[in-house]
Amino acid sequence: MGMRQPVLTRWLSSEARHHQSLPSRQKLPQLAGTSIEGTAKGGYIVSDNSSGNKPDVILIGTGSELEIAVKAADELRKEGKAVRVVSFVCWELFNEQPADYKESVLPESVTARVSIEAASTFGRQKIVGDKGKAIGIDGFGASAPAGTIYKEFGIKAEVVVAAAKEVS
């Protein structure tokens, strides 16, 4: 997704709020399906090959991890899975959306969910639920280039694919 849209949107939607924007040092692509309008809602669908709001699994990424979710979705789709990829950038903004919008992005009936967040899995259970899986780094102090950290801590498409198969 690159960080242009989340940074710009948080600036545009900051109105009397305090938001923290953390641009990445990584080279990140501008992913198809990302949007400033969606980011302003806190969470939105980037891609979805399901019908009737019933994907087999929902992959939820934030910032630079969204690219990993997209790669994992591509692999799962090759195996015939209906996969939704959601960019989830701000709990606060997402929670302010109407119930029908939130249901259209994260339908309660779909419990097969995987969240990818390199920082921490803390709080991710709220969006993945009891049957979902949160992938991230729950320790402190690791420092290295992103590719090295992601490899060491299993933040990569293959791990997301395996987790999606486990929960669906």
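Is W91 buried, exposed or partly exposed? I looked up the accessible area of W91 and found a relative value of 27%, so I entered this residue as partly exposed. I note here that the model is predicted.

**Entry: the sheet**

I traced an open sheet of 5 strands and recorded the order β1-β3-β2-β4-β5, with mixed pairing. I then looked at the edges: β1 (43–48) and β5 (133–136) stand there with a single partner strand each, so each has one side without a neighbour in the sheet. For the twist, I noted that neighbouring strands are turned by 20 degrees against each other on average, direction ignored.

I next examined the partner of β1. Strand β3 (residues 83–88) pairs with β1 in the antiparallel sense, over 5 bridges. Within these two strands, I found V86 of β3 opposite I45.

**Entry: the helix across the sheet**

Which strands does helix α3 lie across? I listed β1, β2 (57–61), β3 and β4 (113–117) for this helix, which spans residues 66–78. Against β3, I recorded that α3 runs at about 175 degrees.

**Entry: aromatic rings**

I searched the whole structure for aromatic pairs and obtained 3. One of them joins F88 and W91: the ring centres are 5.2 Å apart and the planes stand at 75 degrees, so I classed the pair as edge-to-face. Planes over 60 degrees apart count as such.

I compared the burial of the two partners. F88 is buried, with a relative accessible area of 1%, whereas W91 is partly exposed at 27%. Finally, I recorded that F88 and W91 belong to one aromatic cluster together with F94 and Y101.

Note on methods:
Residues are numbered from 1 along each chain as its sequence is written. This is a predicted model: local features need pLDDT of at least 70, side-chain atom pairs count only at pLDDT 80 or more; totals for chains, interfaces and linings use all residues. Side-chain values use heavy atoms; hydrogens and water are left out. Two strands pair if DSSP finds at least two bridges between them. Helices (H or I, at least four residues) and strands (E, at least two) are DSSP runs, numbered from the N terminus. Axes are lines fitted to C-alpha atoms, for helices over the stretch in contact, and angles run from 0 to 180 degrees between N-to-C directions. Contact means heavy atoms within 4.5 Å. Rings of Phe, Tyr and Trp (its six-membered ring) pair if their centres lie within 6.5 Å; planes under 30 degrees apart count as stacked, over 60 as edge-to-face and the rest as tilted. Buried means under 20% relative accessible area, exposed over 50%, partly exposed in between (1.4 Å probe, protein chains only).
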